Amino acid sequence: MAIERTLSIIKPDATARNVTGKIIAKLEGAGLRVVAQKRARWSEAEAQKFYEVHKERPFYNDLVAFMTSGPIVLQVLEGASAVAKNREVMGATNPADAAPGTIRAEFAENIERNSVHGSDSPDNAATEIALCFDASEIVG
Ligand code: CMP
């Protein structure tokens, strides 16, 4: 299995409830390594740019408002098949559909306040990582 990197975001609903450590423990428990991490508060422009791919979707404005409503934790995760592994440990986008034991089953409030984001393909991971981190911030 190829060693990959993926972008992970712990969202404002999770930082508000002080569960970032519990979420990181699940990521590490799944074999993913945090090779870069920072806590940030996105501006409206940063959230709009990150979620540009969804800009025609009906939930876009609410998503931008939510993602700027509080601090987030941005991470680069590394490991074997990291993109798929992270999506497996996150669980389905809608927590109502998320498998037991996944991050979203345990922590998410609803489809918007769903605690974590993870890149959905290796190509998008590379784009999202470059958008959120300088190369010098990825320290292993
Ligand atoms: P995320 O993986 O960050 O990618 C886009 C986000 O849009 C998604 O998680 C959800 O938090 C949010 N979202 C809100 N409503 C919907 C919806 N109806 N379908 C998909 N994503 C939604």
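The following exchange concerns the aromatic pairs, nonpolar cores and ligand surroundings of a predicted model.

Me: Why is the pair of W42 and F50 called tilted?
Reply: The ring centres of W42 and F50 are 5.1 Å apart, and a pair requires centres within 6.5 Å. The angle between the two planes is 40°. Stacked rings need planes under 30 degrees apart and edge-to-face rings over 60, so the remaining label, tilted, applies.

Me: What makes the pair of F50 and Y51 edge-to-face?
Reply: The planes of F50 and Y51 stand at 85°, with the centres 5.0 Å apart. Because edge-to-face begins over 60 degrees, the pair of F50 and Y51 falls in that class.

Me: How many aromatic pairs does the whole structure hold, and which residues form one cluster?
Reply: The search of the whole structure finds two aromatic pairs. W42, F50 and Y51 form one aromatic cluster. W42 and F50 are buried, as is Y51.

Me: Why is K38 said to lie over the face of F133?
Reply: K38 is 4.5 Å from the ring centre of F133. The distance limit for such a placement is within 6 Å, and the position must also be within 35 degrees of the ring normal. K38 is listed as lying over the face of F133, so both conditions are satisfied.

Me: What makes up the largest nonpolar core, and which residues touch the most other members?
Reply: The largest core has 20 residues, and I9, W42, M67 and F133 touch the most other members. At least two residues each come from β1 (3-10), β2 (33-40), α3 (44-50), α4 (60-67), β3 (72-80) and α7 (122-132). The largest contribution, five residues, is that of α4. A second, separate core of 15 residues includes I10, A14, L32 and I103.

Me: Which residues does M67 touch, leaving aside those up to four places away in sequence?
Reply: M67 touches I9, K11, P12, W42, A47, Y51 and I72. Among them, I9 and W42 are listed with M67 as touching the most other members of the largest core.

Me: How do you know that Y51, E112 and N114 make polar contacts with the ligand?
Reply: A polar side-chain atom of Y51 is 2.6 Å from a ligand oxygen. For E112, a polar backbone atom is 3.3 Å from an oxygen of the ligand. In N114, a side-chain N or O atom is 3.2 Å from a ligand oxygen. The limit for a polar contact is within 3.5 Å, so each of these pairs qualifies. The residues around the ligand also include K11, H54, F59, L63 and R104.

Note on methods
Residues are numbered from 1 along each chain as its sequence is written. This is a predicted model: local features need pLDDT of at least 70, side-chain atom pairs count only at pLDDT 80 or more; totals for chains, interfaces and linings use all residues. Side-chain values use heavy atoms; hydrogens and water are left out. Rings of Phe, Tyr and Trp (its six-membered ring) pair if their centres lie within 6.5 Å; planes under 30 degrees apart count as stacked, over 60 as edge-to-face and the rest as tilted. Buried means under 20% relative accessible area, exposed over 50%, partly exposed in between (1.4 Å probe, protein chains only). A nonpolar core is a set of buried Ala, Val, Leu, Ile, Met, Phe, Trp, Tyr and Cys residues joined through side-chain atoms within 4.5 Å. Helices (H or I, at least four residues) and strands (E, at least two) are DSSP runs, numbered from the N terminus. Contact means heavy atoms within 4.5 Å. A residue is near a molecule or strand if one of its heavy atoms lies within 4 Å of it. A polar contact is a pair of N or O atoms within 3.5 Å; within protein, one must be able to donate a hydrogen and the other to accept it, and residues adjacent in sequence count only if both atoms are side-chain atoms.
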